[in-house]
2 protein chains.
Amino acid sequence: MKYSHQRELILQVMKQSLGHLTARQVYQRVKEELPTISLGTIYRNLNVLDEQNLIRRIVVPYGCDEFDYNPTEHSHFFCTKCESLYDLEAHIDQKMKQVVEETTGYEITNTNVVFKGVCHKCHGRKEG
Amino acid sequence: MKYSHQRELILQVMKQSLGHLTARQVYQRVKEELPTISLGTIYRNLNVLDEQNLIRRIVVPYGCDEFDYNPTEHSHFFCTKCESLYDLEAHIDQKMKQVVEETTGYEITNTNVVFKGVCHKCHGRKEG
DNA sequence: TATAGAAATAGTAATTATTACTATTTTGAG
DNA sequence: CTCAAAATAGTAATAATTACTATTTCTATA
């Protein structure tokens with residue numbers, strides 16, 4: 001993989017952003033630094049960075065894919081009330097992987113897990 | 001929810017098909033019985049059937065959404081070699097849900113889990 | 001049983017995320 | 001430096017899904 005200024009900026013934005021970003025959000029943030037960058041470049045690089053495990057693609061059961069810099073493998077929790085996507089701690093992922101590998105004998109290389117439910121903040125709140 | 005012949009046929013096709021079906025596959029199968037059915041009707045009904053928990057939407061990290069009749073909640077395993085999507089046994093889901101609920105305190109209402117890896121058939125096989 | 005209004009449909013158009021394409025520019029090894 | 005491979009910008013294309021609308025189908029109830 002050859003160096004590129006654009007990819008460097010994309011990684012930088014990903015690192016700075018604690019939350020999860022869609023391709024469009026990454027595009028908008030990188031554009032502030034480099035207004036000529038193209039959306040195609042964002043997509044191409046998000047894909048290669050995901051392949052290289054430098055970032056993580058999160059496939060969600062609503063809307064479009066999101067991307068996450070958090071370098072340790074971890075799963076996600078989507079609150080259906082406030083519509084926030086939370087990271088779960090990495091050791092949860094380890095346990096789940098262990099359960100599945102022990103039960104099935106499959107060799108798990110990758111997880112794409114999104115739990116849905118209601119988060120602490122929204123628990124007990126009325127509909128809004 | 002009002003009865004409709006179209007929705008009845010869709011559910012019937014889902015029940016008969018043991019595997020997972022994309023909206024287009026459902027469309028093609030229902031069309032054999034009712035050639036005038038519209039793809040929009042398929043999508044609308046797959047959505048309401050999923051909301052009613054009569055079928056399950058599987059959001060996969062490749063290609064488009066798939067739908068599954070299996071009425072008990074369960075997760076999925078995608079083999080990256082043969083590109084098959086397998087059902088995991090329901091008790092695995094129960095255990096995972098338990099792990100997450102105990103650790104986070106979140107109330108889990110729904111899971112969207114796709115593990116990736118290599119299945120038994122493909123284990124040890126060369127690339128192809 | 002007749003009927004009115006709500007819900008569903010077919011068919012088409014629109015939307016949106018993502019990928020493909022191409023001429024040009026950038027990168028880095030020799 | 002030089003040159004080929006890789007990356008880019010900008011645009012066009014693709015594909016899944018949803019929105020829209022005139023028409024049809026259900027079903028509760030009069």
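Leaving aside neighbours within four places in sequence, which residues is Phe115(B) in contact with?

1. **Phe115(B).** The model is predicted. In it, Phe115(B) is in contact with residues of both chains. From chain A come Val100(A), Ile108(A), Asn110(A) and Thr111(A). From chain B come His76(B), Phe77(B), Phe78(B), Leu88(B) and Met96(B). This list leaves aside the neighbours of Phe115(B) within four places in sequence.

2. **The largest nonpolar core.** Phe115(B) belongs to the largest nonpolar core, which has 30 residues. The members touching the most other members are Phe77(A), Phe115(A), Phe77(B) and Phe115(B). Elements of both chains build this core. In chain A they are β4 (76-79), α4 (90-104) and β6 (107-118). In chain B they are β4 (76-79), α4 (90-104) and β6 (107-118). Each of these supplies at least two residues.

3. **A second core.** A separate core holds 18 residues. Among them are Tyr27(A), Ile37(A), Ile42(A) and Leu46(A).

4. **The three-stranded sheet of chain A.** Chain A has an open sheet in the order β1-β3-β2, and its pairing is antiparallel. The edge strands are β1 (21-22) and β2 (56-58), each pairing on one side only. Strand β3 (residues 66-68) pairs with β1(A) over two bridges, in the antiparallel sense. One bridge partner can be named: Leu21(A) is matched with Phe67(A) of β3(A). In general, strands of a sheet pair through backbone hydrogen bonds, either parallel or antiparallel.

5. **Salt bridges around Arg57.** Seven salt bridges are found over all chains. In chain A, Arg57(A) forms a salt bridge with Asp50(A), with the closest N and O atoms 3.8 Å apart. Are these two residues buried or exposed? Neither label fits, because Arg57(A) has 24% relative accessibility and counts as partly exposed. Asp50(A) is partly exposed too, with a relative accessible area of 22%. A network of salt bridges links Asp50(A), Arg57(A) and Asp65(A). In chain B, Asp65(B) forms a salt bridge with Arg57(B), and the closest N and O atoms are 2.8 Å apart. Asp65(B) is partly exposed at a relative accessible area of 27%. Arg57(B) is partly exposed at 22%.

6. **Glu73(B) and Lys97(B).** These two side chains meet in a salt bridge, at 3.2 Å from N to O. Glu73(B) lies in the loop between β3 (66-68) and β4 of chain B, while Lys97(B) lies in helix α4 of chain B. The pair therefore ties together parts that are 24 residues apart in sequence. Both partners fall under the 20% limit for buried residues. Glu73(B) counts as buried at 16% relative accessibility. Lys97(B) counts as buried at 15%.

7. **DNA strand D.** This strand is surrounded by 18 residues. The closest are Lys2(A), Ser4(A), Thr41(A), Arg44(A) and Tyr43(B). What share of the strand D atoms within 4 Å of the protein belongs to sugar or phosphate? The share is 79%, and the rest belong to bases. Three contacts to phosphate oxygens of strand D can be listed:
   - Thr36(A) places a backbone N or O atom 3.2 Å from a phosphate oxygen.
   - Ser38(A) places a backbone N or O atom 3.2 Å from a phosphate oxygen.
   - Thr41(A) places a polar side-chain atom 2.3 Å from a phosphate oxygen.

   The surface near strand D draws at least two residues from each of α1 (5-16) and α3 (39-51) of chain A and α3 (39-51) of chain B.

8. **DNA strand C.** Around this strand are 19 residues, and Tyr43(A), Lys2(B), Ser4(B), Thr41(B) and Arg44(B) come nearest. Of the strand C atoms within 4 Å of the protein, 78% belong to sugar or phosphate and the rest to bases. A backbone N or O atom of Asp65(A) lies 3.4 Å from a phosphate oxygen of strand C. An N or O atom in the side chain of Lys2(B) is 2.6 Å from a base nitrogen. Gln6(B) has a polar side-chain atom 2.9 Å from a sugar or linking oxygen. Here α3 of chain A, with α1 (5-16) and α3 of chain B, each supply at least two residues of the nearby surface.

Technical notes:
Residues numbered from 1 in each chain as written. Chains lettered and ligands numbered in written order. Predicted model: local features only at pLDDT ≥ 70, side-chain atom pairs only at ≥ 80, totals over all residues. Heavy atoms only, no water. Pairing = 2+ DSSP bridges. Helix = DSSP H or I, 4+ residues; strand = E, 2+ residues; numbered from the N terminus. Core = buried A, V, L, I, M, F, W, Y, C linked by side-chain atoms within 4.5 Å. Buried < 20%, exposed > 50% of the residue type's maximum accessible area, 1.4 Å probe, protein only. Contact = heavy atoms within 4.5 Å. Salt bridge = Lys/Arg side-chain N within 4 Å of Asp/Glu carboxyl O. Near = heavy atom within 4 Å. Polar contact = N/O pair within 3.5 Å; in protein donor to acceptor, adjacent residues only side chain to side chain.
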